[in-house]
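Good morning, colleagues, and thank you for joining this group meeting. I would ask you to turn to the sequence and the structure while I speak.

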Amino acid sequence: MTAALLDGLDRQLPDLLALYRDLHAHPELSHQEFRTAGIVAARLREQGWTVTEGVGGTGVVGVLGSGKPGPVVLLRADMDALPVREATGLPYASTRTVTDAAGREVPVMHACGHDVHVTCLLGATARLAANRRAWRGTVVAVFQPAEEVGGAPAMVADRFAERFPRPDVCLAQHVAPAPAGLVATRPGTFMSASDSLAVRLHGRGGHGSTPAATVDPVVMAAVTVLRLQTVVAREVAAERSAVVTVGSLHAGTRENVIPDTADLTINIRSTTSAVREQVLGAVERIIRAEAAASAAPKEPEITVINGFPVTVNDAEATASVQAAFEAALGPDRVIDLDQPLTGSEDFGAFGTVIGAPSVYWTFGGLDPKPFAGVDLLADGIPPEIPHNHSPLFAPVPDPTVELGVRYLLLAASPWLTS
């Protein structure tokens, strides 16, 4: 029955590859996905889906029934890009700059592969619409805005659960810096929790020639950054997993002026609620202690930017998806990860609010040649391979797009074709 779902995909591929290149060349930041959402809505309507726009901001939801009773399956793709200047040199590379939410001019790039996700889901929706006789039930196709900053909770807050059919399972995927042809998942904890903080350290500014008359927030920030690295190295047990990253540090305007403030942004990843609480507590303790040690005139300001919980795959539903993958692809192409990924996702918000099982997987999107002789589970991804969020991250469209469509339909098949 899965073969019937895929009927016509080969004829559709040239259009999908052209769509991918177009989306890659025209990325949009979180909550600014107006062009992308318009393309999605128009294509869904052409395919015969019932379409709702503006869900949670720029989100698009399509609903399609097969005409036969059966389960409801949610398929989700994220649409937003990142403030990264593309350095791939591709003929369809992004050259866009836009104004971000803070009013700054920034470059934009699909450095995380969300253009792949949109293209693959539109490929899957086209096959579902064209081959309704091959499946039963209802599909809810979710094109989510702002995954990078928490767009799923915004869609949930926009009464998603009340406005659309209740899914029996929620499914989503992410392209990864791994060889095209491989797909990976695991039951239980699949991805880490993520917490992002903005910190302002207060000093007392003055002339660079008389630092004794000041409280230097640059030095305070530098010491804080270094001390934060000890949280994982010295406070998290070796058998646990956590990451603390200071992603930005801004202070001052001139070399001979000591500023009044320094601003940091911090991202924290953790795989259990206990470690999450431990690391968040340690980060705040260090920030406040270093400010006190520097005789800061004011307490630091610590603001939560966003927070995503651990992404958890339902064991029974994951086993069904893995079995479908292995039957179609062969067990050597399906990786059962031995530990959670340190990346994070907001996709779990849908299943949590609906009370439905969720399954999330990653799939390779790069040329397999550089991975020759590499044991990905034992050795990890080679350091010279560009990862997601890199200005050099560039999935190979062929065969990645075709495979991504297949993975979505294979994953949904235990519910739609059983």
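I shall begin with the second largest pocket, whose lining is made up of 18 residues; Val310, Val312, Gly348, Ala349 and Thr352 are the ones nearest its centre. Please bear in mind throughout that this is a predicted model. The volume of the second largest pocket is about 240 Å³. Which elements form its lining? At least two lining residues come from each of E15, strand E16 (311-313) and helix H10 (348-354). The element that gives the most is H10, with four residues.

As a general remark, rolling a probe the size of a water molecule over the atoms shows where empty space is left.

From the pocket I move to Ser358, a residue of strand E18 (residues 358-366). Is Ser358 buried or exposed? Its relative accessible area is 9%, so Ser358 counts as buried. Apart from neighbours within four places in sequence, Ser358 is in contact with Cys170, Val312, Asn313, Asp314, Thr318, Phe347 and Gly351. Val312, which is among these contacts, was also named as one of the residues nearest the centre of the second largest pocket.

Cys170 leads us to the cysteines. How many disulfides does the model contain? The count is zero. For Cys120, the closest cysteine sulfur is that of Cys112, at 14 Å, which is too far for a bond because a disulfide requires sulfur atoms within 2.5 Å. Cys170 likewise takes part in no disulfide, and the nearest cysteine sulfur to it, belonging to Cys120, is 19 Å away. As to accessibility, Cys120 has a relative value of 0% and counts as buried. Cys170 is buried too, with a relative accessible area of 0%.

Let us now consider the helices, starting with H8. Helix H8 covers residues 273-293, 21 residues in total, and its first and last C-alpha atoms are 30 Å apart, close to the expected 30 Å at 1.5 Å a residue. Which residues of H8 are buried? They are Val275, Val279, Ala282, Val283, Ile286, Ile287, Glu290 and Ala291. Viewed down the axis of H8, these buried residues fall within an arc of 160 degrees, and therefore they line one face of the helix. The general background is that an α-helix has 3.6 residues a turn, so residues three or four places apart point the same way.

What do the buried residues of H8 pack against? Their partners are strand E10 (193-202), helix H7 (217-235), strand E12 (242-251), strand E14 (261-270) and strand E15 (301-308). E15 is thus a partner of H8 as well as a contributor to the lining of the second largest pocket. On the face of H8 turned away from the buried side, we find the exposed residues Ser273, Ala274, Glu277 and Ala292.

After H8 comes Ala295, which belongs to the loop between H8 and E15. Ala295 is not a glycine, yet its phi is positive, near 60 degrees. With a relative accessible area of 51%, Ala295 is exposed.

A positive phi also occurs at His31, about 70 degrees, although this residue is not a glycine. Where is His31 located? His31 sits in the loop between helix H2 (9-25) and helix H3 (34-47). Its relative accessibility is 38%, so His31 counts as partly exposed.

Two further helices deserve attention. Helix H4 (residues 114-130) has 17 residues, which should span 24 Å at 1.5 Å a residue, and its end C-alpha atoms are indeed 24 Å apart. H4 is mostly covered, as 16 of its 17 residues are buried.

H12 has 20 residues and reaches 27 Å from first C-alpha to last, close to the expected 28 Å. H12 is mostly covered as well, with 15 of its 20 residues buried. Pro399 is found in H12, which runs over residues 397-416. The peptide bond joining Asp398 and Pro399 is cis, with omega about 20 degrees.

Finally, I draw your attention to Ala394, in the loop between helix H11 (376-379) and H12. Which residues does Ala394 touch, not counting those up to four places away in sequence? They are Thr88, Leu90 and Leu366. Ala394 and Ala172 are 222 residues apart along the chain, and their C-alpha atoms are separated by 20 Å.

Methods. Residues numbered from 1 in each chain as written. Predicted model: local features only at pLDDT ≥ 70, side-chain atom pairs only at ≥ 80, totals over all residues. Heavy atoms only, no water. Expected span 1.5 Å × (residues − 1). Buried < 20%, exposed > 50% of the residue type's maximum accessible area, 1.4 Å probe, protein only. Arc of directions from axis to C-beta. Contact = heavy atoms within 4.5 Å. 1 Å grid on protein atoms, 1.4 Å probe; cavity = no way out; pocket = protein on both sides within 12 Å on 5 of 7 lines; lining within 4 Å. Points joined across faces, edges and corners; volume = space filled by probe spheres on them.
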